[in-house]
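I opened this entry to look up the salt bridges and how exposed their partners are. The structure comes first, then my notes.

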Amino acid sequence: MCTLEKRGNIFVLTLTGDDQHRLNPTLIATLQTHLSQAKAQASRGSVLVTLAQGKFFSNGFDLEWAQKVSSSADEAHARLVEMVELFRPVVKDLIALPMPTIAAVTGHAAAAGMVLALSHDHVFMRRDRGVMYMSEIDIGLPLADYFTALFRSKVASPAAWRNMLLNGMKLKAEDAVAMGIIDSAYDDAEKTVEAAVQLAEKLGKRKWDGAVYGEIRKSLHPELCNIVGLVDTGLATSRL
């Protein structure tokens, strides 16, 4: 399902198992619990690395679960809306987390799974297998407001928005690097995780004040913060 391990100053959040890591209420709640634990245990130099086992980083919301627990199409849609709202606090927590965050995308990241990855400060991806893909246009679903705000905040290029959101382009790692969507690409899963951990170790040595780091991050994403309900506490104001 999902585990949190502390290795020195590095928190490793792992989506476990060989399934698609679809985001249903149980997994979403577990993610939120682990992010709360990381926040509570944070100290100067803390860093979060998120990774996943198997072929998928995350294949988005668990539509199959929504159908299984519903007796009608309307009820299934209501369950999907429920998951969209349950996931909002996870994005909120990642944007507010008082430490640098790094996603090691070692498999497919689709829809909400792509949003999960891009909610981190740094995103590394394997180039030999896996894609990033926003499937909403293909399956006929509008974007959640905080999804849209995240993409506007994290991705600078209108051409990239068009390719991702209007054309439903399945982005390989090299495509995502070229469009400025992710930081860099690596030959395989092992090297992707290795690079993420190396960056975490490097950032951890800086011993930054996590509260200030979090406030500076929030200041970079005002529209997203407003939509998910984050408020600037003023901690990032210069003391000079």
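I looked up Asp 187 before anything else and, working on a predicted model, found this residue partly exposed at 40% relative accessibility. Its partner Arg 127, at 36%, also counts as partly exposed, since that class covers values between 20% and 50%.

I then checked the contact itself: Arg 127 forms a salt bridge with Asp 187, and the closest N and O atoms are 2.7 Å apart. I noted that this pair connects distant parts of the chain, with Arg 127 in the loop between strand 7 (122-126) and strand 8 (132-133) and Asp 187, 60 residues away, in the loop between strand 9 (184-186) and helix 9 (189-204). Following the shared partners, I found Arg 127, Glu 174, Asp 187 and Lys 191 joined into one network of salt bridges.

Next I turned to pairs within a helix. Glu 82 forms a salt bridge with Arg 79, with 3.5 Å between the closest N and O atoms; I placed both in helix 3 (residues 73-96), where they are 3 residues apart and so separated by about one helical turn. I recorded Glu 82 as partly exposed at 31% relative accessibility, and Arg 79 as partly exposed at 26%.

In helix 2 (residues 63-68) I located Lys 68 and Glu 64, which are 4 residues apart, about one turn of the helix, and which form a salt bridge whose closest N and O atoms are 3.3 Å apart. Lys 68 is exposed, its relative accessible area of 64% being over the 50% cut-off.

For the whole structure I noted a total of 14 salt bridges.

Definitions and conventions. Residues numbered from 1 in each chain as written. Predicted model: local features only at pLDDT ≥ 70, side-chain atom pairs only at ≥ 80, totals over all residues. Heavy atoms only, no water. Salt bridge = Lys/Arg side-chain N within 4 Å of Asp/Glu carboxyl O. Helix = DSSP H or I, 4+ residues; strand = E, 2+ residues; numbered from the N terminus. Buried < 20%, exposed > 50% of the residue type's maximum accessible area, 1.4 Å probe, protein only.
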